[in-house]
Amino acid sequence: MAVMNVHQRTIPAPESTVGTLLDSLAGPDDRLWPDPAWPRLHLDGPLAVGSSGGHGPIRYQVVGYQPGRWVRFRFSAPRGFDGFHEFTVRPGDGGSVLNHTIAMRLRGPARLAWPLAFRWLHDALLEDSLDRAVRACGGTVDSPARWSTRVRLLRRLAHR
């Protein structure tokens with residue numbers, strides 16, 4: 001089963017400003033990841049090719065990085081998530097576009113785990129992250145992300 005999942009937001013700030021958010025990922029002053037509402041993104045070193053880490057049960061390794069522009073992580077867990085996720089920054093009308101993409105093939109139990117649980121949690125986390133990015137660049141979020149009943153239930157079950 002193939003998955004292509006994309007979230008993006010136009011942020012009213014230049015690419016260089018949005019790029020600094022990307023470069024702060026997993027660092028001591030991470031201004032992109034929606035921590036503390038979600039499990040913290042951590043890496044075993046600075047954001048650089050070869051660094052490994054993850055968040056919650058998701059594990060990955062940095063396999064590509066262009067500071068201020070793009071970072072790609074290859075999944076190593078959970079089993080059956082074969083692919084990557086990445087953030088990109090590019091110019092857009094009225095500012096910059098921050099994009100997050102997952103491209104993966106699912107196999108085994110992941111064929112059920114993604115559509116039943118991980119997808120919903122991932123989508124909520126990413127929308128929270130994009131809201132945070134807008135605010136970090138001085139913008140306002142007209143319609144902040146709201147967690148669905150399913151997301152609230154899954155989070156409650158995960159914290160037991």
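A residue counts as buried here when its relative accessible area is under 20%, and as exposed when that area is over 50%, with partly exposed in between. Keep that cut-off in mind as we walk through this predicted model.

**Aromatic contacts**

Let's start with Trp38. At 6% relative accessibility, W38 falls under the 20% limit and so counts as buried. Its ring partner is W147: the two form an edge-to-face aromatic pair, with 5.4 Å from centre to centre and 70 degrees between the planes. W38 sits in the loop between α1 (15–23) and β2 (42–43), while W147 belongs to the loop between α2 (110–136) and α3 (149–158), so this pair ties together parts that are 109 residues apart in sequence. Unlike buried W38, W147 is partly exposed, with a relative accessible area of 27%.

The structure holds five aromatic pairs. Elsewhere in the model, F75, F81, W114 and F118 come together as one aromatic cluster.

Arginines also join in, and two of them lie over the face of a ring, as the table shows.

| Arginine | Ring beneath | Distance to ring centre |
|---|---|---|
| R72 | F84 | 3.7 Å |
| R155 | W38 | 4.4 Å |

W38 therefore has two partners to look at in the viewer: W147, its edge-to-face mate in the pair that ties the two loops together, and R155 over its face.

**The largest pocket**

Rolling a probe the size of a water molecule over the atoms shows where empty space is left. In this model, the largest pocket has about 420 Å³ of space. It is lined by 22 residues, and those closest to its centre are H55, I58, F118, L121 and L125. F118 is thus a name to notice twice, since it also belongs to the aromatic cluster with F75, F81 and W114.

Which element supplies the largest share of the lining? That is α2, with six residues. At least two lining residues come from each of β6 (81–92), β7 (95–106), α2 and α3. By class, the lining has 15 nonpolar, six polar and one charged residues.

**Strand β1 and its neighbour**

Strand β1 (residues 2–11) has side chains that alternate between two faces. On one face, V3, N5, H7, R9 and I11 are buried; on the other, A2, M4, V6, Q8 and T10 are not. This strand runs antiparallel to β7, and 10 bridges join the two. N5, from the buried face of β1, has I102 in β7 as its bridge partner. The strand β7 also helps to line the largest pocket.

Terms used:
Residues numbered from 1 in each chain as written. Predicted model: local features only at pLDDT ≥ 70, side-chain atom pairs only at ≥ 80, totals over all residues. Heavy atoms only, no water. Phe/Tyr/Trp six-rings, centres within 6.5 Å; stacked < 30°, edge-to-face > 60°. Helix = DSSP H or I, 4+ residues; strand = E, 2+ residues; numbered from the N terminus. Buried < 20%, exposed > 50% of the residue type's maximum accessible area, 1.4 Å probe, protein only. Lys NZ or Arg CZ within 6 Å of the ring centre and 35° of its normal. 1 Å grid on protein atoms, 1.4 Å probe; cavity = no way out; pocket = protein on both sides within 12 Å on 5 of 7 lines; lining within 4 Å. Points joined across faces, edges and corners; volume = space filled by probe spheres on them. Nonpolar A, V, L, I, M, F, W, Y, C, P; charged D, E, K, R; others polar. Pairing = 2+ DSSP bridges.
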